[in-house]
Amino acid sequence: MSNQVLDKAKAVRQGEELNINAVDGWLKAQKIDVQGTPEVTQYAGGASNWTYCLTYSNVELILRRAPKGTKAKGAHDMGREFRLQQALQEVYRYVPKMIAFCDDDAVIGTDFYVMQKLTGVIPRKNLPRGLNSTPEQTANLCTNVIDCLVELHQVDIDKAGLSNLAKGQGYIERQISGWSERYTKAKTWNVPSAKYVMNWLQNNMPTTERICLTHNDFRFDNVVLNPEDHTQVIGVLDWELATLGDPLMDLGNSLAYWIEADDDFLAQSTRRQPTHLKGMLTRQQVIDYYLKKTGIECDDFTFYEVYGLFRLAGIVQQIYYRYHHKQTNNPAFKNFWVFVHYLLWRCKKSIKAQNK
């Protein structure tokens with residue numbers, strides 16, 4: 001396979017430079033086998049944690065750190081992310097190997113961790129140029145990615161030593177009240193109150209709650225594909241939001257990002273993964289496939305679908321709130337309020353379809 005399709009880091013963004021001498025000195029003091037002085041590049045995205053590639057003469061490593069100015073307690077907890085993946089390595093084959101964690105602020109001013117670099121293809125908005133996928137290959141890729149989520153939800157959390165990762169029981173209620181509160185706090189004058197959707201979610205919470213390990217940001221652009229066979233997954237990334245939660249809510253979160261080929265133009269404008277390709281399952285087919293694979297019974301997925309869309313509306317509104325109040329001037333966020341209207345409209349549409 002051509003090197004052109006492999007996911008590569010780019011030049012470090014201005015203001016997000018890494019004190020590489022300090023990192024290099026710390027790594028060598030930990031007796032980690034790195035040779036020479038590394039070249040530092042940075043991965044795209046990074047609205048949350050910042051991710052760098054350290055290219056040494058003998059090895060490539062990934063460094064994850066919190067963004068500058070992080071003050072919120074519990075936010076960007078690098079130690080939790082590191083320990084979670086370390087524990088998962090024993091029971092889930094798609095986790096990169098953890099190498100070292102640093103909680104000494106004197107090194108670069110914040111916690112960070114270093115892990116193995118997985119070299120492969122990351123399916124972002126579009127598959128890389130030069131990677132021609134037939135509908136059959138795309139269908140295979142699609143089910144293989146869903147299988148990774150199924151496998152995660154079937155991890156034995158006791159065996160992995162992760163039963164104390166989070167509260168677990170009462171998860172559904174905490175999510176609905178938490179996201180309702182976050183949305184209300186971030187509301188600006190130009191978006192709806194969302195009271196109708198919040199009340200509906202509050203009044204339609206499922207009586208059955210299943211608790212398992214959930215990723216909470218499971219998307220195509222968080223998986224790494226085998227460079228020799230792009231239908232095979234070799235890694236799952238970005239474990240920042242992982243917790244003990246309900247598997248169907250995790251699936252609902254993933255489907256909120258799932259844009260189909262015949263979705264309207266507003267949905268298409270937000271697509272960030274290649275779910276529009278011929279061969280990809282529709283959202284309903286994903287639900288059917290997942291339920292069949294897990295043996296979970298669910299006659300009506302509407303609650304989980306609406307929750308996923310409402311949670312995404314909350315995330316988008318929190319970002320827009322920062323733009324609206326001039327805490328960021330990133331022009332990409334300027335029209336996010338329109339997308340909030342759209343997501344809440346989709347919530348209502350799903351609720352009304354269920355009521356028919």
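Colleague: What percentage of the 356 residues in the chain do buried residues make up?
Modeller: This is a predicted model, in which local features need pLDDT of at least 70 and side-chain atom pairs count only at pLDDT 80 or more, whereas totals for chains, interfaces and linings use all residues. Residues are numbered from 1 along each chain as its sequence is written, and side-chain values use heavy atoms, with hydrogens and water left out. Taking buried as under 20% relative accessible area, exposed as over 50% and partly exposed as in between, with a 1.4 Å probe and protein chains only, the buried share of the 356 residues is 51%.

Colleague: What radius of gyration does the chain have, set against that of a compact globule with 356 residues?
Modeller: The radius is taken over C-alpha atoms, and the globule rule is 2.2 Å times the number of residues to the power 0.38. For 356 residues that rule gives a value near 21 Å, with which the chain agrees, so the radius of gyration fits a compact globule at 21 Å.

Colleague: Which helix supplies the largest share of the largest nonpolar core?
Modeller: A nonpolar core is a set of buried Ala, Val, Leu, Ile, Met, Phe, Trp, Tyr and Cys residues joined through side-chain atoms within 4.5 Å. The largest such core has 77 residues, of which L88, Y92, L201, L213, W239 and F310 touch the most other members. With helices (H or I, at least four residues) and strands (E, at least two) taken as DSSP runs numbered from the N terminus, the largest share of this core, nine residues at 302-324, belongs to helix 10.

Colleague: Which residues from 344 onward does F310 contact, leaving aside its neighbours within four places in sequence?
Modeller: Contact means heavy atoms within 4.5 Å. Beyond its neighbours within four places, F310 touches W179, S180, Y183, A194, V197, M198 and L201, and then also L344 and C347.

Colleague: How many residues of helix 2 are buried?
Modeller: Helix 2 runs over residues 78-88, and its buried residues are M78, G79, E81, F82, L84, Q85, A87 and L88. Their cover includes strand 3 (60-65), strand 4 (98-102), strand 5 (112-116) and strand 6 (212-214). Of the eleven residues in this mostly covered helix, the number buried is eight.

Colleague: Is N216, whose phi is positive, buried or exposed?
Modeller: N216 has phi near 75°, a positive value in a residue other than glycine, and lies in the loop between strand 6 and strand 7 (223-226). Its relative accessible area is 5%, and therefore N216 counts as buried.

Colleague: What relative accessible area does D238 have?
Modeller: D238 also has a positive phi, near 60°, in a residue other than glycine, and lies in the loop between strand 8 (229-236) and strand 9 (243-245). D238 is classed as partly exposed because its relative accessible area is 22%.

Colleague: How far apart in space are Y323 and K167, C-alpha to C-alpha?
Modeller: Y323 lies in helix 10 and counts as partly exposed at 22% relative accessibility. Leaving aside its neighbours within four places in sequence, Y323 is in contact with T328, N329, N330, F333 and K334. From K167 it is 156 residues away in sequence, and the C-alpha to C-alpha distance is 33 Å.
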